Amino acid sequence: MPVAGRKVGVLCMIFFCILISMTWNLRYSKSGSQKVKVPPTRFWHQQVPSKSFWNKEQQRLDFINNPVLRSVLSGDSHIELPDWLNDTGPLNPCEPDHRVPRQILEYNLLPQRFQDFLLHMRCRTYPMLINQLRVCDEKPFLLLVVKSLIPHFDRRQAIRETWGRAGVVANRTVATVFLLGNSLPMDHFPDLLGMLDHEAELHKDLLQWDYRDTFFNLTLKEVLFLEWFSQNCPQAQFILKGDDDVVINTLRIIDFLEGLSEDKAKDLFMGDVISDAGPHRDQKLKYFIPESVFVGQYPPYAGGGGYLYSGELALRLYNASQQVVLYPIDDVYTGMCLKKLGLSPVKHDGFRTFDIDEKYRNNPCAYKSLMLVHSRTPQEMLTIWSWITDPELGCQ
């Protein structure tokens, strides 16, 4: 028998023994009486590697993280894995993965952003350039986490002066951090690092890592934040994570959170939920994903413009993220991590990541009952926040 056949045969034997043991235990009690009916067909099938690169990488990761197989394989050094499970790429996950051009036939035809992402998809370790070790000293009730880019000084300042103001808000402690990557000369940004260092020293709310800050690397920004949170701010009760061009009604958010029961708070993940979606195949679109990279439907996910979740769930999401291969669309990836935990995001009409009807955009009362609106300029943020906080504005 060929080597690959022997490997699969051994694995099939392992599963067959487990199945027989489970069947015997389920089928008969100690007295020998029948307890449950055994399914007429087998429930396990030999796994065939996917032809799509991401799916195959996820199959490999699922295999590695399977506790039954890990236990059996660790106790028997003679068991060999099929070749596709052993093809793990470079030893250092942060070196370019040269398997990718061989496994994706159209690799050279993909946009450059795709090629860069796929070559470095396994790397999750990047140096931290700016950290804030004391931002959570007051054990925040709500941590506002804002995805930003280095040149967006005006957006960050508008947020600090409006919905992202740190301190005590509605008798609750609120903290704010901005998440940043880095830029390369080809990104055509002026040298702003001196200004950024000054901003970090002045406001003490910037977190920056040394990776290229691109659309596809927003997933990396998510994973690095979850790691930072687990190490530096695990006591925060709730997190609101959003873009730097949204308006958030912080007062409404706090009021909503205070009314949650402990059970609902634990698994809270809420936003503008998108269901029954799948990858776009039109290469002209921003969210284009070729079939050679991913096949299948997306799990329910909350639009990346902004969503609200519990600190306890953030810790579990960080652990789950270690078992999900990085995907180039960050909000879809977060939905994948939630699915790994057996959870789904909850839709709330107060989250408007696709904006509100144009006829209501200049109506001050339209923002009183909302939690989040996307997108607004810094000047619009200041105006809308003045409406939200106006005690004399009578709205029904």
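Biologist: How do α9 and α13 lie to each other?
Modeller: α9 and α13 are oblique to each other, a label for angles that are not under 35 degrees (roughly parallel), over 145 (roughly antiparallel) or 65 to 115 (roughly perpendicular). This is a predicted model, where local features need pLDDT of at least 70, side-chain atom pairs count only at pLDDT 80 or more, and totals for chains, interfaces and linings use all residues. Residues are numbered from 1 along each chain, and side-chain values use heavy atoms, without hydrogens or water.

Biologist: What angle and axis distance for α9 and α13?
Modeller: About 45°, with the axes 8 Å apart; α9 covers residues 218-232. Axes are fitted to C-alpha atoms over the stretch in contact, and angles run from 0 to 180 degrees between N-to-C directions. Helices are DSSP runs (H or I, at least four residues), strands likewise (E, at least two), numbered from the N terminus.

Biologist: Which residues meet there?
Modeller: From α9, Leu-218, Thr-219, Glu-222 and Val-223; from α13, Asp-330, Tyr-333 and Thr-334. Contact means heavy atoms within 4.5 Å.

Biologist: And α12, how does that pack on α13?
Modeller: α12 (residues 311-321) packs on α13 (residues 330-340) at about 95°, with axes 9 Å apart. The two are therefore roughly perpendicular. On the α12 side the contact uses Leu-313, Leu-317, Ala-320 and Ser-321, and on the α13 side Tyr-333, Cys-337, Leu-338 and Lys-340.

Biologist: What's the polarity split in the α12 contact with α13?
Modeller: 6 nonpolar, 1 polar and 1 charged. Ala, Val, Leu, Ile, Met, Phe, Trp, Tyr, Cys and Pro count as nonpolar, Asp, Glu, Lys and Arg as charged, the others, Gly among them, as polar.

Biologist: Switching to pockets. Which residues are closest to the centre of the largest pocket?
Modeller: Thr-214, Phe-215, Phe-216, Asn-217 and Leu-218, out of 48 lining residues. On a 1 Å grid over the protein atoms alone, a pocket is an open set with protein on both sides within 12 Å along at least five of seven lines, a cavity is a set of points where a 1.4 Å probe fits but cannot get out, and lining residues have an atom within 4 Å of a point.

Biologist: Which elements supply at least two residues of that pocket lining?
Modeller: α6 (112-119), β5 (206-212), α9, β9 (301-310) and α13. The pocket lining holds 20 nonpolar, 14 polar and 14 charged residues.

Biologist: What lines the largest cavity?
Modeller: Val-247, Ile-248, Asn-249, Tyr-367, Leu-370, Met-371, Leu-372, Val-373 and Ile-388. Strands β7 (246-248) and β12 (372-374) each supply at least two of the cavity's lining residues.

Biologist: Any charge in the cavity lining, or none?
Modeller: None: the cavity lining has 8 nonpolar, 1 polar and no charged residues.
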